[in-house]
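Dear colleague,

Please find the model below, together with its sequence. My notes follow it, and I would be glad if you read them with the structure open.

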Amino acid sequence: MYRTYYIALLFLAGQLLSLAPAYASSKQAQSLASGTIAVEQKAQKKISAWQQEKHSVIAQINNKQVEFDWLTHQKNKYSRYIKTLEGNIAEMKRQQQELEMIANAVTPLLENTVARLEFFIDEDQPFLSKERQERMSNIKKALADPHLAQAEQLRRVLETLEVETGYGSGIEIDSEDVVLEGQPLRAETVRAGRLGYYCVSPDKQQVGIWSPVKKEFVMVADSNKQAVLSLRTIARRKQIVEVTPLPLAIEVTSVPTPSSSVESVASRSTSPEKE
C-alpha cells in the first residue's frame, strides 16, 4: 500500500513539474513540490505511528483476553471448590449434631450399664470379691469425673465388661476364708468359669458348692466329691484336662436389673442339696 501511495506521490510531483511553465517561475513549482512531499512525509510518519499503536493495542487486547479466560477458569474452579466445601460443612454439621445426640445418650447408658453390672456382681458367685469391688468402685469414680473424656469413660466400662465376661471361661484355684454350711473354713476354692464355684477343705473331706439361694457354700454329695477333686487337680495342672461331670447349682432368675428383685426357683438337677 505504501508503494502505491509513493508512486502516486511521484506522479503528482511529476505533474506539478510538468505544469511548472504555468507558474510564474520554476522556483514556485519546486516549492510547491517540496511542500507536498513534506506533507506526505509527515502523514507517513503519523501512519507508521498509528500502525505501531494499533499493534500495541491488539497485543494488549490479546493479553487481556488471555487474562480474562484464565480468570474465568479460576472463577469456575473456585466456585466448584466452594460448592464442595459447603457440602462438606453441611455434612460435618450433621455429624456434629448426631455426635451431640449420641454424647447425650452415652452417659446415661454407661451409668445404667455400670449399675446393672454392679447388681450382677452382687448376685454372682463371690470369687475375687475384693478385686471386682475395687474395679467397680474405680469405674464409678471415672463416670463421676467431669474432667474425664467420655471416650475414656466408655473405654473403661467396656474394659470392665470384657474382664467380667472373661470370668465365664477357664479354671481358677485360690485359697480363701469361706463359710461352708454355716461354718467358717479356710479352704481352697475352685472356679470352673461361671458353671460352678467349689471349695475344698485342707483334708479334702469337706467339699462344697456355692448356693446362689443361700449365699454360702453347701456340702456336695459324696458321689460328687471326686469330680470336684479332679477339677481341683486339673486346675493345679497336675492332671490332663478331661471332661468332668461336675455338680451344679442352677438358679433360674429374672433378668438381672438393679431395680428388680431376684426371683429364683431352685431347679437343681445334680445339686448337692437335692441329693
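Lys 215 is partly exposed, with a relative accessible area of 38%, where buried means under 20%, exposed over 50% and partly exposed in between, for a 1.4 Å probe and protein chains only. Lys 215 lies in the loop between S4 and strand S5 (216-219), and its phi is near 60°, a positive value in a residue other than glycine. Glu 181 also has a positive phi, near 55°; Glu 181 belongs to the loop between S1 and S2 and is partly exposed at 40% relative accessible area. Helices (H or I, at least four residues) and strands (E, at least two) are DSSP runs, numbered from the N terminus.

Please keep in mind that this is a predicted model, in which local features need pLDDT of at least 70 and side-chain atom pairs count only at pLDDT 80 or more, while totals for chains, interfaces and linings use all residues. Residues are numbered from 1 along each chain as its sequence is written, and side-chain values use heavy atoms, with hydrogens and water left out.

Turning to the rings, the structure holds five aromatic pairs, a pair being rings of Phe, Tyr and Trp (its six-membered ring) whose centres lie within 6.5 Å, with planes under 30 degrees apart counted as stacked, over 60 as edge-to-face and the rest as tilted. One of these is the edge-to-face pair of Tyr 78 and Tyr 81, at 5.6 Å centre to centre and 85° between the planes. Because Tyr 78 and Tyr 81 are three residues apart in helix H2 (residues 26-123), about one helical turn separates them. Tyr 78 is partly exposed at 44% relative accessibility, and Tyr 81 is partly exposed at 43%.

Trp 210 and Phe 217 form an edge-to-face pair as well, with 5.4 Å between the centres and 75° between the planes; here Trp 210 is buried at 12% relative accessible area, and Phe 217 is buried at 3%. Ring pairs join Trp 210 and Phe 217 with Phe 127, Tyr 167 and Tyr 197 in a cluster.

Within that cluster, Phe 127 also has charges over its ring (NZ of Lys or CZ of Arg within 6 Å of the ring centre and within 35 degrees of the ring normal). Arg 132 lies over the face of Phe 127 at 4.1 Å from the ring centre, and the charged end of Arg 191 sits over the ring of Phe 127, 4.3 Å from its centre.

Phe 127 and Arg 191 appear again in the lining of the largest cavity, together with Leu 128, Glu 172, Asp 174, Glu 176, Thr 189 and Tyr 197. A cavity is a set of points on a 1 Å grid over the protein atoms alone where a 1.4 Å probe fits but cannot get out, and lining residues have an atom within 4 Å of a point. Strand S1 (171-180) and strand S2 (183-192) each give two or more residues to this lining, and S1 gives the most, with three residues.

Finally, the largest nonpolar core (buried Ala, Val, Leu, Ile, Met, Phe, Trp, Tyr and Cys residues joined through side-chain atoms within 4.5 Å) has 16 residues, and among those with the most contacts inside it are Tyr 198, Val 207 and Leu 231. The largest share of this core, five residues, comes from H5.

With best wishes

Terms used:
1 Å grid on protein atoms, 1.4 Å probe; cavity = no way out; pocket = protein on both sides within 12 Å on 5 of 7 lines; lining within 4 Å.
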